Amino acid sequence: AQIRYSIPEELTRGAFVGNIAKDLGTDVAKLAAANLQVLSDSDSQYFSVNVNTGVIMVSERIDREQLCGQNPRCFLHLKLAIENPVEFYRIEVEILDINDNPPEFPSDEVSLRIYELASLGARFPIQPAQDPDVGTNTLQTYHLSANDNFNLNVKARTDGGKFPELVLERALDRELRAFHHLVLTAEDGGSPPKSSKIRITIQVLDANDNHPVFDKPSYGARLVENSPLGTLVVKLNATDVDEGPNGDIRYSLSSHNSAALCQIFAIDEQTGEIRVQGNLDYEEATVYEIEVEAKDMGSPTMEEHCSVVVEVTDVNDNAPEVILTSFSSSLSEDAPPGTVVAVIHVRDRDSGEQGKVQCHVSPDLPFQLRKDYEHQYSLLTSTRLDREHVAYYNVTVSAWDLGSPPLSRHTILPITLADVNDNAPQFEQASYEVLVAENNPVGSVLVTVSAADPDSEQNSRLSYSILRAGGTDPGLDPTRYLSIHPTSGQVSAKLPFDYEQTTYLQFHVEVSDGGSPALRNRTLVHIFIVDQNDNAPQVHFPRVGEDSATQFRISPSTVPPALITKVVAIDADSGRNAWLSYHLVEATDPGLFSVALRSGEIRIMRVLQETDASAHELLVVVRDAGEPPLSTAITLVVLVEEKGPEALQGSEARATDGGGLPTITLYLIVSLVLISTVSLVGLAVLGVRCL
């Protein structure tokens, strides 16, 4: 048989479950005699039977949720065994649920992160509360605290579970409210109902829905040109109410700016500081307008623009510039005063007084500046020029502005004077005197004439030539004897000179330059031929044939110092070379005759003796005084005869003596006069030259 009982859970120990004796219709005494035993299907012994009364009692705490969980019905099964006879009874105890458990959330607090641009109607599940009770005692509903943005939706499942959801009913704005705090209450259906709460913290995630905003629509700054690198221009400030990357601002120069401007200014992307990174030049730009953009780091990025106007203040930082509009670096030396050499344009890139320029050149130079009009000058010659005096000028044109302090620039104009053939060649000497030994070698250089021309290049290229000097012998052509090198001026001998034929030669050397027309000059050259001892004495009396001797006859009674004869010789040389001396070199009787050293007279020195030879041979040598001396020998034979006249010179002697001696003397006198005249003229010329 099977008996069923129903009891609520959580009954106290010893609580009454049922009377088995009564329900089985058996006497209590009989049950006790039948050795009643209670057997449980579970490991725990939740029930016990009082055999004396037949009452089934709770022996341990019964927790339905622990035994059966969420099953709608919960049963504990017992078996009763009795003996005599053996019988088994099955007892089923239904454990009824009581509302002993409130709904419980997994945690006391939950956090949600919701994008502020979430669309309306978006649902955000919340972990549901758990209630181990069943039936009406389990979780029945949820309640949401009052708020402006969310409603509660409870989603029921087929298994009876209920899941709460937050539904977005009104758009979120993180910038107005970044956090929302809600309370969700779970309530069961017990009586009285039990509930629990969970705090819901909603963080509104930022969306990049706000662009950066500058604190000014435009900025202004003033800088002095040439400000140092790194100079702060302005510090920009932009804000973005978004947060995180959406509110993280980066500054940059707009792409609308020119490349040149971006090389002058730089911006710190973090701080927004604009600083100078290039050269600020007032002359290139007086105002710079910088376009700046501020971007946040959201996705997509949002940006804002502003402009920065930078005014540049001028300083005197530019020296004047000198520009040659026209310039000729070569100028003819015969250019008249006032000739324009250069046209100069000056400018200063500064402004105001700092841009006004003045110019000048040194007054020590033969040049001057003429101001044509504002910013233009002409460089003129102020005096006559002479290339031979100064051939090259470095003209310094100085320009300075009126700034404080003034800046200046100096430009050097190199001017070369072009030569004009305005100078004739000039000899180093007005005349030249040369002593030339006769018998000079052909081609030997006798003298070198030298001239100089202060002109240059072609105008100074000289050429020499020989001309006949006025007043000279027309038959004495100097070009017959001499030649001159056309460029070196070396006068050379074409023939050897012979003093005996020519003792003096005079001619002009003309020099001409290579200019057009050519300019010329002359110098006088005197050549004195110096005698050399190149002629031996010539015996003119007595005349002697080759390899023969001249005979003279004297009487034995000739009285000494009677003149026997006279040897007459002439030397074609002059001076010492023509000074002759006579010497008796050999004689048959050396003491009988003598020869006068200078006159050549041969005289008898003693009275002839009978023992003396009848014929005496005399060897007379005529020697000049040159170096080395030259000589001529003559042999005379003196015959002693009774018939001969005393001191008779012989027929040859008489004939020669009668007509030859006066002619020879005349020649000697003429030669002496000529030599003396030439010597006096030479001394006079030397004296004039020395003066």
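# A tour from the largest pocket to the disulfide

Start with three elements: β44 (568-570), β45 (580-587) and α6 (650-690) each contribute at least two residues to the lining of the largest pocket. Keep in mind throughout that this is a predicted model.

**Stop 1: the pocket**

Select α6 by itself before adding the strands. With ten residues, α6 gives the most to the lining of the largest pocket. Next, to find the middle, select Asp571, Asp573, Ala578, Leu668 and Ser671, which lie nearest the centre of the pocket among its 30 lining residues. The space in this largest pocket comes to about 920 Å³. Colour the lining by residue class and 17 nonpolar, eight polar and five charged residues appear.

**Stop 2: a three-stranded sheet**

Move to residues 445-448, which are β34, and 482-484, which are β37. In what order do the strands of this open sheet run? The order is β34-β38-β37, and the pairing is antiparallel. β34 and β37 are the edge strands, each pairing on one side only. On average, neighbouring strands here are turned by 25° against each other, with direction ignored.

Now add residues 490-493, strand β38, and look at its contact with β34: the two pair in the antiparallel sense over three bridges. One pair to label is valine 447 and its bridge partner in β38, valine 491.

**Stop 3: another three-stranded sheet**

Go next to an open sheet with the order β17-β21-β20 and antiparallel pairing. Its edges are β17, residues 232-235, and β20, residues 265-267, and each of these pairs on one side only. Neighbouring strands of this sheet are turned by 20° against each other on average, direction ignored.

Select residues 273-276 to show β21, which pairs with β20 in the antiparallel sense over three bridges. Which residue of β21 stands opposite alanine 266? Label arginine 275, and the two will be seen facing each other.

**Stop 4: serine 330**

Strand β25 covers residues 330-332, and serine 330 is found in it. Serine 330 has a relative accessibility of 44%, so it counts as partly exposed. Add leucine 417 to the selection: the C-alpha atoms of serine 330 and leucine 417 are separated by 5.7 Å, although the two residues are 87 apart along the chain.

**Stop 5: the cysteines**

Finally, show the cysteine side chains. How many disulfides does the structure hold? There is one, formed by cysteine 68 and cysteine 74, with their sulfur atoms 1.9 Å apart. Turn the view along the S-S bond: the torsion about the bond between cysteine 68 and cysteine 74 is about 65°, so this disulfide is right-handed.

Are its two cysteines buried or exposed? Cysteine 68 has a relative accessible area of 14% and is buried, and cysteine 74, at 0% relative accessibility, also counts as buried.

Cysteine 306 is in no disulfide, and its nearest cysteine sulfur, that of cysteine 262, is 14 Å away. Cysteine 306 is buried because its relative accessible area, 2%, falls under the 20% cut-off. To finish, select cysteine 359, which is buried with a relative accessible area of 14%.

Note on methods: Residues numbered from 1 in each chain as written. Predicted model: local features only at pLDDT ≥ 70, side-chain atom pairs only at ≥ 80, totals over all residues. Heavy atoms only, no water. Disulfide = S-S within 2.5 Å. Buried < 20%, exposed > 50% of the residue type's maximum accessible area, 1.4 Å probe, protein only. Pairing = 2+ DSSP bridges. Helix = DSSP H or I, 4+ residues; strand = E, 2+ residues; numbered from the N terminus. Axes fitted to C-alpha atoms, helices over the stretch in contact; angles between N-to-C directions. 1 Å grid on protein atoms, 1.4 Å probe; cavity = no way out; pocket = protein on both sides within 12 Å on 5 of 7 lines; lining within 4 Å. Points joined across faces, edges and corners; volume = space filled by probe spheres on them. Nonpolar A, V, L, I, M, F, W, Y, C, P; charged D, E, K, R; others polar.
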